[in-house]
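Trainee: I should be grateful for a close look at a single part of this model. I would ask for one connected account, suitable for a first-year student.

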Amino acid sequence: MKTRNEKAWLLVLPVLILVAFSAVVPLMTVVNYSVQDTFGNNVFFWAGLEWFDEMLHSERMWNALVRQLAFSGIILAIEVPLGIFVALNMPKKGAWSSLCLVLMALPLLIPWNVVGTIWQIFGRVDIGLLGHTLDAMGIDYNYTQGFYAAWITVIAMDVWHWTSLVALLAYAGLRSIPDAYYQAARIDQASRWSVFRYIELPKMRGVLTIAILLRFMDSFKIYTEPFVLTGGGPGNATTFLSIDLVKMALGQFDLGPAAAFSLMYFLVIMVISYVFYIVMTNLDKQEGGA
Amino acid sequence: MAWMAWTWPTAAFFAVIVVILGVMSWLAIRYPETPRKGILGIETTRGDRLFISLLVAGFVNLAWLGLALGPQWGALGLSLVLTAGIFRTV
């Protein structure tokens, strides 16, 4: 009997062709643009590593990177503890828990640009509930002009949109803890804090790692929401990496620098994705072996 | 294809990667291997070590350029040394 059938390789061909046109050729184009200069009209000049050099010393890019890291750090510092807190306080079973799960999942279903629009209207002083209320309370709030107002609104928007993801993942982790652990804790008269610290947190480690990496990766390449809300302003206050990149590539049509910039961005994202992949596969192995 | 303004260096860059992938595929078929644990504490195969080496090479080249340490050949040499190290220890 024939045990090997090499025809299976043919079935992979459509995927290969698809990936070639959707990812490989565009990536090659970006690499190609990153070493050339153009003044339009599809005429290109050789530039070598000039753009990489320029981008590495570009204050604008480093500033965008700092803003990006600050944004990712702040939203992680809020969403992770908040998500755990919400998960700990969700009903454990019954109709309420199902209702909670559905309600929690709602923000995750809303498209990014709609989230941006919702918050843009929500924060407006003339017609928005949030903006109008803050204004009536005498607080000077204007996310199109104030630096802090813009940042707080962008962060609040992300927290509103994505805390549910952390909460749902943490909730799934909590549900997988056998009741015997809690019984043992009760026998030992463990405090609420000890139960959290020595039972719940270690058992949530896997899902929390996934949540943190997912949120970091997503927030690191955020574009649509802040673009719709503030357009990167006031000034450059909320211009994150991808917003800056699009401004450079499509706004100014600086293809060369933008290509060099996006390749560096790509390299960072690759590292994070690889770490994510390693963590995921190792978690699978641990669970498979346990 | 002239309208895409392809250049020889770009072609050479991707040709090298294609050749490396070809050699790796041939090695995988000719000399199958089992993953092993290295200094990073994760299981790696030849493919993993290649991927890590390429990422490291990318960062080494950028750092070399950014810090203006000399001609870019130096970064290539350093990357090759690091790649050898990664293949032996990671």
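How many residues does the contact take from chain A, and how many from chain B?

Mentor: The model before us is predicted. The contact draws on 20 residues of chain A and 18 residues of chain B. On the side of chain A that touches chain B, at least two residues come from each of α1 (8-34), β2 (44-46), α2 and α12. Of these elements, α12(A) gives the largest share, namely seven residues. Sorted by character, the residues of this side of chain A comprise 14 nonpolar, five polar and one charged.

One residue helps to connect this contact with the rest of the model. Apart from its neighbours within four places in sequence, Met264(A) is in contact with Met55(A) and with Leu62(B). Met264(A) therefore has one such partner in chain A and another in chain B, a contact being counted when C-beta atoms lie within 7 Å. We may follow each partner in turn, beginning with chain A.

Met55(A) and Met264(A) both belong to the largest nonpolar core, which has 23 residues. They are among the members that touch the most other members, a group that also includes Phe240(A), Leu245(A), Ala258(A), Ala260(A) and Phe261(A). Four helices of chain A, α2 (50-56), α3 (59-88), α11 and α12, each provide at least two residues of this core. Here too the largest share comes from α12(A), with seven residues. The helix α12(A) thus gives the largest share of this core and also the largest share of the side of chain A that touches chain B. A general tendency is worth recalling at this point: in soluble globular proteins, nonpolar side chains tend to be buried together. There is also a second, separate core of 13 residues, and among its members are Leu165(A), Ala167(A), Leu169(A) and Ala211(A).

Just before α12 (255-289) in chain A there is a loop, which joins it to α11 (241-251) and holds Phe253(A). Most residues other than glycine have a negative phi. Phe253(A), although not a glycine, has a positive phi of about 55 degrees. Is Phe253(A) buried or exposed? Phe253(A) counts as exposed, because there are 11 C-beta neighbours inside 10 Å and the limit for that class is 12 or fewer.

Let us now turn to the partner in chain B. Leu62(B) is one of the buried residues of α2(B), together with Ile52(B), Ser53(B), Val60(B) and Trp64(B). The helix α2(B) has 21 residues, and from its first C-alpha to its last it reaches 30 Å, close to the 30 Å expected at 1.5 Å a residue. For reading the positions along such an element, one general point is useful: an α-helix has 3.6 residues a turn, so residues three or four places apart point the same way.

After α2(B) comes Ala68(B), with a positive phi near 50 degrees. Ala68(B) lies in the loop between α2 (46-66) and α3 (73-89) of chain B. Ala68(B) counts as exposed because it has 9 C-beta neighbours inside 10 Å.

It remains to place these parts within their chains. Chain A contains 12 helices and two strands; read from the N terminus, its elements run α-β-β-α-α-α-α-α-α-α-α-α-α-α. The radius of gyration of chain A is 24 Å, well over the 19 Å given by the globule rule for 290 residues, so chain A is more spread out than a compact globule. Along the principal axes, its C-alpha atoms fill a box of roughly 80 × 75 × 30 Å. Of its 290 residues, 26% count as buried. Among contacts in chain A between residues at least 6 apart in sequence, 70% join residues at least 24 apart.

Chain B contains three helices and two strands, in the order α-β-β-α-α from the N terminus. Its radius of gyration is 16 Å, well over the 12 Å that the globule rule gives for 90 residues, so chain B too is more spread out than a compact globule. Its C-alpha atoms fill a box of roughly 45 × 35 × 15 Å along the principal axes, and 9% of its 90 residues count as buried. The domain assignment divides chain B into domain 1 (1-32) and domain 2 (36-90), and the C-alpha centres of these two domains lie 18 Å apart.

Key: Residues numbered from 1 in each chain as written. Chains lettered and ligands numbered in written order. Buried ≥ 20, exposed ≤ 12 C-beta atoms within 10 Å, placed from the backbone. Domains from an automatic or database assignment. Core = buried A, V, L, I, M, F, W, Y, C linked by C-beta atoms within 7 Å. Contact = placed C-beta atoms within 7 Å. Expected span 1.5 Å × (residues − 1). Nonpolar A, V, L, I, M, F, W, Y, C, P; charged D, E, K, R; others polar. Rg over C-alpha atoms; globule rule 2.2 N^0.38 Å.
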